Amino acid sequence: MGAFSNLLKTPGVARIIAAQLTARFPFGMLSLAFLLHVEHNTHSYGAAGIVLAATSVGQAISGPLTSRWMGVWGMRPVLMLTLAVCLVSLVVFALAPLTLPLYMVVGFVAGLSVPPVQPAVRTIYPKMVTSSQLTPLFSLDASAQEIIWVAGPVITTFVGTQIGTTYAILLAALFLIGGGAWFIASPELGRVRIPQSKRAFGKVLQRPTVLLSTIAGFLLIGTCSAVEAGVISAFGDGSPNSGFVLAVFAIGSLAGGLILGHLPVGPWALPIRMVIVFVGITLTVFMPTSFVWLCVTLVIAGVGIAPALAVMFAIISSSVRFSDTAEAYGWAGTGQLIGAAIGSAIAGALIDKTGTVGGLFVASAFAVFGVLVPLVFKRVLPDLRGTDASPLADTEPVPVQAS
C-alpha cells in the first residue's frame, strides 16, 4: 500500500487514473445493459449473446486500428471522433425500435467506435513515472478499473430492472460524454506524442510476449463474459441479485490487485494468477448456484483477475518499442474482446439449452485453458524481477506537443 500511496502522490497520476476510469465507466455498464435490453425485447439469452458478440467484434476490430491512428493523427482527434460516433450509436440502440439483425448492426458500430482510452493511458503511463514505479502502476490501474465492474453492474441492474433498460443505456451514454471529455482535456494528452510506428500494421504480434498476452487475455475475459451471462440467467432479468454478485466478483479482483500488486513479475506470475481464477470458477459449477455460494466462489476467482491483467500489461510494456505500445495494447484489448464475444455467445447458447450451469461450465473451460497456455509457453514470459518494465526506446527523437 505504501508503493501505491507514493504513486498517487506523483503529479498527475491520481487525476489521470480518475479521468480514464470515468471515461471507461460506460463500458462496465454496456455489456450488461445490452444483454438486459435485448433479452427484454427478444426474450432470448441466445439473441442477447449474439448482439454482445457483434458489439465485441466491433471493439476487437477497432482496438489496434484506432490505437495506431493515434500515432498518425494524435490522441485527441481520434478520441473525439470515436466518442461522437459511439454516442450516436448508443442513443439509437436505446431508443430506436430495432429487430435482432439491426441490434447486431448498431451494436457492432458502437463497438467499432469505442474510444481507445485504455491504449492511450497505458502508453502515457511510462512517461509519468520512474521505471521502478511502472509495474506497480499497471497493477494499481488494473485494480482501480475494478471500480468500474463493482459499480457498473449494480447501477445497470438497478436502473435496468427497476426503471427500464432504455434508461440504463442512456445513463451509460451520459457517462461517456462526461468521462470522455474529462480524459480528452487531460494535459498529458498534449504533452505525450505517440510516434508513428515504422513497422507494418500487425507486425507487433510477432513479439511472443504480445501474442501470448493477447491469447491469455482472450481466455481470461472469455471466462468473465461467460460468468456474467451465467449469473444473469441464474437470477433472471428482473432481479438485482445478479448485479450484486458481479460486483462481488469485481471486489475480489480489486482486493487481489491491491494484495498481489506489489509482487515482482517472474515467469510463474501469470500461470499462478490464472490458477486462482480457475479454482474459483470451477467451484461454481459443482455446487448449487445460490446467491451466497456464487458470492463466495466468485470473490475467490476475482482475486486472480486484476493481478493477471497487470502481468500482461507489464510484459507487453517491457518488450516493445514506445512507438508500438499503443498498437500492442490495442491487440491485447482485441484478444480480450474476442474472448468476450465468443464467451458470451457460447454461454448464451448453452444457457438456453441447459440453464445456468451451461454458462458456468463455459467459464470453467475458458479458465482451464487460461492456466494451460501460459504454463505451456512459460519460456516466453520474461523475468522482470529487479528489471525495468518501461518500453524499449525508439531510435530517433520523439517530438513533444505543447499542452
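Modeller: Before we start, buried here means under 20% relative accessible area. By that cut-off Thr 297 is buried, because its relative accessible area is 0%. Bear in mind that this is a predicted model.

Colleague: Okay, which helix is Thr 297 in, and what does Thr 297 touch?

Modeller: Thr 297 sits in helix α15. Leaving out residues up to four places away in sequence, Thr 297 touches Gly 280, Leu 283 and Thr 284.

Colleague: Leu 283, hm. Which residues make the nonpolar surface patch?

Modeller: Leu 283 is one of them, along with Phe 244, Val 275, Val 279, Phe 291, Val 292, Val 296 and Ile 300. Together they make a nonpolar patch of about 600 Å² on the surface. Two elements, α14 (269-285) and α15 (291-302), give two or more residues to the patch.

Colleague: And which element gives the most to the patch?

Modeller: That's α15, with four residues.

Colleague: Where does Phe 244 lie, and how does Phe 244 count for exposure?

Modeller: Phe 244 lies in helix α13, residues 241-260. Phe 244 counts as partly exposed because its relative accessible area is 41%.

Colleague: Staying in α13, is Ala 247 buried or exposed?

Modeller: Ala 247 is found in α13 too, and Ala 247 is buried, with a relative accessible area of 5%. Not counting residues up to four places away in sequence, Ala 247 touches Trp 149, Val 150 and Val 154.

Colleague: How far apart are the C-alpha atoms of Ala 247 and Thr 165?

Modeller: Those C-alpha atoms are separated by 19 Å, with the two positions 82 residues apart along the chain.

Colleague: Let's zoom out. How many helices and strands does the chain have?

Modeller: There are 18 helices and zero strands. The C-alpha trace spans about 55 × 40 × 40 Å along its principal axes.

Colleague: How does the radius of gyration of the chain sit against a compact globule?

Modeller: The two agree: for 403 residues a compact globule would come out near 22 Å, and the chain has 20 Å. Of those 403 residues, 59% count as buried. The chain exposes about 15,100 Å², with carbon and sulfur atoms supplying 72% of that area.

Colleague: What share of the contacts with a separation of 6 or more comes from residues 24 or more positions apart?

Modeller: 86% of them.

Colleague: Got a good example of a buried residue with lots to list?

Modeller: Try Leu 176 in helix α10, residues 165-184. Leu 176 counts as buried, because its relative accessibility is 1%. With residues up to four places away in sequence left out, Leu 176 touches Pro 26, Phe 27, Leu 83, Cys 86, Leu 87, Leu 90, Pro 115 and Ala 181. Leu 176 and Ala 23 are 153 residues apart in sequence, yet 5.9 Å apart C-alpha to C-alpha.

Colleague: Why is helix α7 largely enclosed by the rest of the structure?

Modeller: Because seven of the eight residues of α7 (residues 117-124) are buried. Among them are Val 117, Pro 119 and Arg 122.

Colleague: Cysteines next. How many disulfides are there?

Modeller: The count comes to zero. Cys 224, for one, is in no disulfide, and the nearest cysteine sulfur, from Cys 295, is 16 Å away. Cys 224 is buried at 17% relative accessible area, and Cys 86 counts as buried at 1%.

Colleague: Switching to charges, how many salt bridges does the structure hold?

Modeller: Four. In one of these, Arg 15 pairs with Glu 188, the closest N and O atoms being 2.9 Å apart. This pair links distant parts of the chain, with Arg 15 in helix α2 (residues 13-24) and Glu 188 in helix α11 (residues 188-191), 173 residues apart.

Colleague: Which of Arg 15 and Glu 188 is buried?

Modeller: Glu 188 is buried, at 4% relative accessible area, while Arg 15 is partly exposed at 31%.

Colleague: What else does Glu 188 meet in a salt bridge?

Modeller: The side chain of Arg 191, at 3.8 Å N to O. Arg 191 and Glu 188 both lie in α11, three residues apart, about one turn of the helix. Shared partners join Arg 15, Glu 188 and Arg 191 into one network.

Colleague: And what does Glu 327 pair with?

Modeller: Glu 327 forms a salt bridge with Arg 68, at 2.6 Å N to O. They're 259 residues apart, Glu 327 in helix α17 (residues 322-354) and Arg 68 in helix α4 (residues 45-73). Glu 327 counts as buried, at 3% relative accessibility.

Note on methods
Residues numbered from 1 in each chain as written. Predicted model: local features only at pLDDT ≥ 70, side-chain atom pairs only at ≥ 80, totals over all residues. Heavy atoms only, no water. Patch = residues over 30% accessible without salt bridge, like charges linked within 9 Å, V, L, I, M, F, W, Y side chains within 5 Å. Areas by Shrake-Rupley, 256 points an atom, 1.4 Å probe, with all protein chains shown as cover. Buried < 20%, exposed > 50% of the residue type's maximum accessible area, 1.4 Å probe, protein only. Rg over C-alpha atoms; globule rule 2.2 N^0.38 Å. Contact = heavy atoms within 4.5 Å. Disulfide = S-S within 2.5 Å.
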